[in-house]
Amino acid sequence: MNTQIKLSVSTLNVQDCVDWVMSPECGGIDVFIGTVRNATKGKAVIRLEFEAYEKMAVSEMQKIAQQAIAQWPIQKISIHHRTGVLQIGEIPVIIAISAAHRDAAFDACRYIIDTLKQTVPIWKKEIFEDGEVWVAAHP
């Protein structure tokens, strides 16, 4: 299998994703790491809370990975996403991709995060100093 998909309440590990996609056939690994920032649209963020429709989210992430493999010469793809309460600086999403050449890895990585934002049933609640709001996982 050339994909590793994970939805977890546990802390995500960037090195685990990089190690999993590492391959002697590959000359490039691209990694996207999404982190919880301390402000959105000028409002101070206290924390984020992620929820997912787990079975469908994992299935959709697998589908996105397979679409990327069909479109670019990718060796391996790892997509990990967290659920639960995340504090500022924590990692909600990691995407790691290995390919023989960097262009394919870069293009596939951008495609995966952009498509994940649009289609995967993961939602986040942004907790601000003055209230909270539910939004799509990656607006």
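Here is a short conversation about the nonpolar core and the aromatic pair of a predicted model.

Trainee: Which element supplies the largest share of the largest nonpolar core?

Mentor: Glad you asked! This is a predicted model, where local features need pLDDT of at least 70, side-chain atom pairs count only at pLDDT 80 or more, and totals for chains, interfaces and linings use all residues. Residues are numbered from 1 along each chain as its sequence is written, and side-chain values use heavy atoms, leaving out hydrogens and water. A nonpolar core is a set of buried (under 20% relative accessible area, 1.4 Å probe, protein chains only) Ala, Val, Leu, Ile, Met, Phe, Trp, Tyr and Cys residues joined through side-chain atoms within 4.5 Å. The largest one has 31 residues, and its largest share, 7 residues, comes from helix 3.

Trainee: Which aromatic pair does the structure hold, and what is the angle between the planes?

Mentor: Rings of Phe, Tyr and Trp (its six-membered ring) pair if their centres lie within 6.5 Å; planes under 30 degrees apart count as stacked, over 60 as edge-to-face and the rest as tilted. The structure holds 1 such pair. Trp72 and Tyr111 form it, tilted, at 5.5 Å centre to centre and with an angle between the planes of 55°.

Trainee: How many residues apart in sequence are the parts this pair ties together?

Mentor: Trp72 is buried at 16% relative accessible area, whereas Tyr111, at 23%, is partly exposed, a class between buried and exposed (over 50%). Trp72 lies in the loop between helix 2 and strand 5 and Tyr111 in helix 3, so the parts tied together are apart in sequence by 39 residues.

Methods. Helix = DSSP H or I, 4+ residues; strand = E, 2+ residues; numbered from the N terminus.
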